[in-house]
Amino acid sequence: MLDFSSLLLAAALSGTCLSITMFAIWFTAPRARFVLTVACGILVLVAHVIVFWRYTREPNPLLCQAALALLSLGFLALSLSAMQYLDVRNYSRAVLPALVAMVVCAGVTYLGFDGVGFILTYVTVTVLLASIGVMFWIKGGHDRGILLVVSALSGVCGLSFGLCGAVLLVKGQWVLGVAPDNWAERLNSVVAVACMTALGALTLSLHHLQAQIELKAETLTDPLTGLMNRRALNSLYGERDFGPFMSIAMFDLDHFKRTNDVYGHPVGDRVLCRFAAIIKKYDRAGVDAFRLGGEEFALVMSRMTEDKAYDFASRIGVAFGAEVVPTPRGPLRSTVSGGIGFGEEGGSSLDEVLAEADKALYAAKHAGRNRVLVHDRKSKADGPALRSA
């Protein structure tokens, strides 16, 4: 049977291998910052295990303070990695309380109450692990299976540290003079090694999951404007039935080829981005924006009457017409034409509504541009009802 020292060395070896693996992953994917934070956190915990192992052999107040500080710091790093992965920005909520607890722990340990220092540290680690579990439980949304396992492992590991503190508290061991050695400490060593190994493997899964999500987002996003692209439009609405309160507004920038020829493609790109910014400014629930390619854009509008959809698209056109793009040849104003197609009571396909919107857009171009027209659903005529913006 392994003794306590052997368990500590096994934990250090396991942690070192995990840390090396995490660093290797981060070098191949530097954008995955949470992986780097995990690697650093595990490395700090390895340092804690080594210092604590040394402390078990040669009790020393400085070694005790270093071991406790490293333990809190390592799990603080793991907590921050969870916040990075879940895009929780307010790091101070974890950092400040943990640093305060570390300072208090160092103070009481320096005064000779090392048992109190261990209890405070175990409480801090338990809270940090519990916060990791809660964050993954509440905020995770991509793969609930993996995230719930991470949450459970964090809870189990936190419980094992909580038991270590509880044993010292129940026994009233405020002053130890040596490293604590009891059933809870031995159990914690086994649980911590198992949980950290599992969490390391799950970190690989989370990294793979995040890479898949980012790749999918890139394939569905227009790199110039940041709007969704035509593939995203087909993915989201290709199988949908468009009812009478769903519509598509197609926009086409007026004389855009001439803009590129006269002012150059960089200026043309800025005009495209400016129009995309206008669309984003009018972002609201039930409206999805897409760049279909070139100077063509589309809005899918849900839960809107014909009048409201027309007014919404018209405001976008008016707002864009008021924009001024500075260029070396002087200020540039551009306009946009739009056409709107609606679904029907029995349901229309994406292609059918796009075709109606395209007819209305074509009519807007021939009617003098810089206007929005709505396709006449009732008459089924080729020409749309003439409503200019």
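Helices and strands here are DSSP runs, a helix having at least four residues and a strand at least two, numbered from the N terminus. The model itself is predicted.

The unreviewed UniProt entry annotates "transmembrane region" over several spans, among them residues 94-113 and 119-138. Residues 94-113 are 85% helix and 0% strand in the model, and the C-alpha atoms at the two ends of that span are 25 Å apart. Residues 119-138 are 100% helix and 0% strand, with end C-alpha atoms 28 Å apart. Within helix α5, which runs over residues 114-139, sits Val123. With a relative accessible area of 46%, Val123 is partly exposed. Measuring from this residue gives a sense of scale: from the C-alpha of Val123 to that of Tyr310 the distance is 60 Å, and 187 residues separate the two in sequence.

The salt bridges come next. The count is eight, with a side-chain nitrogen of Lys or Arg required within 4 Å of a carboxyl oxygen of Asp or Glu. One of them joins Asp181 and Arg186, at 3.2 Å from N to O. Asp181 is partly exposed at 46% relative accessible area, and Arg186 is also partly exposed, at 34%.

Another salt bridge pairs Lys365 with Asp254 at 2.9 Å, N to O. Lys365 belongs to helix α12 (residues 350-366) and Asp254 to the loop between β2 (246-253) and α9 (256-263), so this contact ties together parts that lie 111 residues apart in sequence. Lys365 has a relative accessible area of 17% and counts as buried, because the limit for that class is under 20%. Asp254 is buried too, at 5%. Both residues belong to a network of salt bridges that also includes Asp252.

A further pair is Arg274 and Glu323, whose closest N and O atoms are 2.9 Å apart. This salt bridge links distant parts of the chain, 49 residues apart: Arg274 is in helix α10 (residues 265-281), and Glu323 is in the loop between α11 and β5 (336-342). Arg274 is partly exposed, with 26% relative accessibility, and Glu323 is partly exposed with 23%.

Charge also appears on the surface. Arg284, Arg303, Lys308 and Arg315 form a positive patch there. Of these residues, Lys308 is located in helix α11, residues 306-321. Its relative accessible area is 55%, so Lys308 counts as exposed. A residue qualifies for such a patch with over 30% relative accessible area and no salt bridge.

Notes: Residues numbered from 1 in each chain as written. Predicted model: local features only at pLDDT ≥ 70, side-chain atom pairs only at ≥ 80, totals over all residues. Heavy atoms only, no water. Patch = residues over 30% accessible without salt bridge, like charges linked within 9 Å, V, L, I, M, F, W, Y side chains within 5 Å. Areas by Shrake-Rupley, 256 points an atom, 1.4 Å probe, with all protein chains shown as cover. Lys, Arg positive; Asp, Glu negative; His and termini not counted. Charge placed at Lys NZ, Arg CZ, Asp CG, Glu CD. Buried < 20%, exposed > 50% of the residue type's maximum accessible area, 1.4 Å probe, protein only. UniProt positions renumbered as here; feature names shortened; annotations may be inferred.
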